[in-house]
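Me: Got a model I'd like to go through with you, loop by loop and strand by strand. Can we start with the backbone and then move on to the sheets?

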Amino acid sequence: MSTEFDLGALLAERGAERYDLHARYLNPQLPRMLHTIGFDKVYERAEGAHFYDADGNDYLDMLAGFGVMGLGRHHPVVRKALHDVLDLDLADLTRFDCQPLPGLLAERLLAHSPHLDRVFFGNSGTEAVETALKFARYATGRPRILYCDHAFHGLTTGSLSVNGERGFRDGFAPLLPDTAVPLGDLDALERELKKSDVAALVVEPIQGKGVHEAPPGYLRAAQELLHKHKALLIADEVQTGLGRTGDFYAYQHEDGVEPDLVCVAKALSGGYVPVSATLGKDWIFKKVYSSMDRVLVHSASFGSNAQAMAAGLAVLSVMEDEQIVARARTVGELLKSRLAALTDTYELLADVRGRGLMIGIEFGRPDSLKLRGRWTMLQAARKGLFAQMVVVPLLQRHRILTQVSGDHLEVIKLIPPLVIDEADVERFVEAFTAVMDDAHSGGGLMWDFGRTLIKQAVAGR
């Protein structure tokens with residue numbers, strides 16, 4: 001007996017209930033937060049770096065689904081690859097054969113990582129990190145992982161143990177006995193390594209929280225220290241990898257850095273099918289998978305599925321054919337330079353930093369007395385409110401989606417799809433300039449919204 005299912009009809013019938021459904025059955029705080037800050041939009045469709053509402057208004061996406069939409073939404077090459085793989089009726093996930101797509105995707109990924117040899121495919125960034133942690137511990141025979149203050153590596157228990165943000169960790173103890181060191185502090189790293197129980201250091205070449213780049217020379221020097229003490233370097237490229245920073249991997253901006261394990265995810269999906277990859281050296285994989293008895297010692301139920309592999313292959317093909325890495329570098333330099341030029345104009349704008357299309361805009365204490373009083377009032381209520389005050393009018397008045405870089409941070413992180421163009425850069429800079437003009441006028445709707453945020457912050461304590 002056949003069952004009829006019409007997804008379009010279901011969405012037409014029930015789509016208007018989206019916020020009520022989420023409030024009733026999923027995370028109840030998400031719709032509450034969206035209603036509060038006026039982000040409760042209804043987007044009807046998306047293409048490339050833009051969303052569209054029911055009236056046809058376009059919204060510029062400078063968030064890319066937290067980096068997932070590296071090629072934007074619904075890239076035609078990725079979309080066709082998924083149609084093709086579904087139409088092939090492949091014998092997928094039999095578990096006891098070797099399909100060609102995983103090998104082909106691994107081969108293409110490793111071509112961009114010439115010092116690495118093998119790949120494990122999972123489903124998410126946190127799973128890629130979990131894999132690297134397990135492999136490093138097993139390969140070295142040591143229990144402890146080092147990570148950097150303010151790092152973000154995921155939210156499952158293992159990756160949470162190397163998460164440098166207390167707000168994510170609180171209430172989930174006990175976690176694994178891992179140790180934080182300051183990003184860039186080689187002395188702190190060496191002190192821990194001398195205890196001879198460290199398996200690896202896991203590090204983001206550019207931290208997503210706050211957009212802080214490892215100091216020049218740090219990754220190479222850390223790698224040398226780690227190898228001297230028989231420990232491994234794990235590069236978390238879940239957000240920074242696949243062209244985001246203007247090179248295929250962010251660690252490639254520094255000569256001589258060759259991590260033992262590399263984690264990628266997000267953009268590899270093409271925005272369609274969750275997929276992650278943990279790339280590593282041959283000896284590490286051979287130690288983990290040391291015999292036929294250990295053939296399934298680490299696996300993933302949906303790992304290497306045909307749809308994910310097809311998406312990944314299509315993404316890498318597009319990146320090469322459309323020169324996405326070079327494009328991210330060029331457009332990113334344009335965007336960063338245009339924003340950096342504004343720091344002399346606006347006293348609330350403290351810094352513009354980052355690489356490629358991963359840019360942090362930081363706000364800071366102004367010099368003028370009138371603005372300083374307002375700034376101090378916001379900081380007393382809750383750090384990070386000013387950045388949120390900028391994010392909201394960017395969406396409400398200029399139809400540009402951005403978000404703060406982390407809780408209690410006065411930083412907006414720009415991680416747009418890597419396909420944005422010069423016109424999108426101009427649109428963002430013009431909108432940001434208008435918002436800064438409003439903020440520095442000392443009045444207006446922006447500061448009225450700030451007072452609303454202060455009341456909510458105080459009430460939430």
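**Backbone oddities and sheets**

Reply: Sure, starting with a leucine: Leu-93 is partly exposed, its relative accessible area being 30% (buried is under 20%, exposed over 50%, partly exposed in between, with a 1.4 Å probe and protein chains only). Keep in mind that this is a predicted model, where local features need pLDDT of at least 70, side-chain atom pairs count only at pLDDT 80 or more, and totals for chains, interfaces and linings use all residues. Residues are numbered from 1 along each chain as its sequence is written, and side-chain values use heavy atoms, with hydrogens and water left out.

Me: What is the phi of Leu-93?

Reply: Leu-93 sits in the loop between helix H5 (76-87) and helix H6 (100-110); helices (H or I, at least four residues) and strands (E, at least two) are DSSP runs, numbered from the N terminus. Its phi is positive although the residue is not glycine, with a value near 55°.

Me: Is Lys-230 buried or exposed?

Reply: Lys-230 belongs to the loop between helix H11 (218-228) and strand S10 (232-236). It is another non-glycine residue with a positive phi, near 60°. With a relative accessible area of 61%, Lys-230 is exposed.

Me: Which peptide bond is cis, with omega near 5°?

Reply: Look at the loop between helix H9 (166-169) and strand S6 (179-181), where you'll find Pro-174. The cis bond leads into that proline, and it runs from Ala-173 to Pro-174.

Me: Why is strand S14 largely enclosed by the rest of the structure?

Reply: S14 covers residues 358-363, and it pairs antiparallel with strand S13 (residues 349-355) through six bridges (two strands pair if DSSP finds at least two bridges between them). S14 also pairs with strand S17 (residues 411-414), again antiparallel, over four bridges. As for the enclosure, it's because five of its six residues are buried.

Me: Which residue of S14 stands opposite Val-411 in S17?

Reply: On the S13 side, Val-352 stands opposite Ile-361. Two residues lie between the strands in the S13-S14 hairpin, where Gly-356 has a positive phi near 55°. Across from Val-411 in S17 you get Glu-362.

Me: Which are the edge strands of the open sheet of four strands?

Reply: The order is S1-S2-S3-S15, with mixed pairing. Each edge strand pairs on one side only, and they are strand S1 (43-47) and strand S15 (400-401).

Me: Which residue stands opposite Tyr-52?

Reply: Strand S2 (residues 50-53) and strand S3 (residues 58-61) are antiparallel, paired over three bridges. Facing Tyr-52 from S3 is Asp-58.
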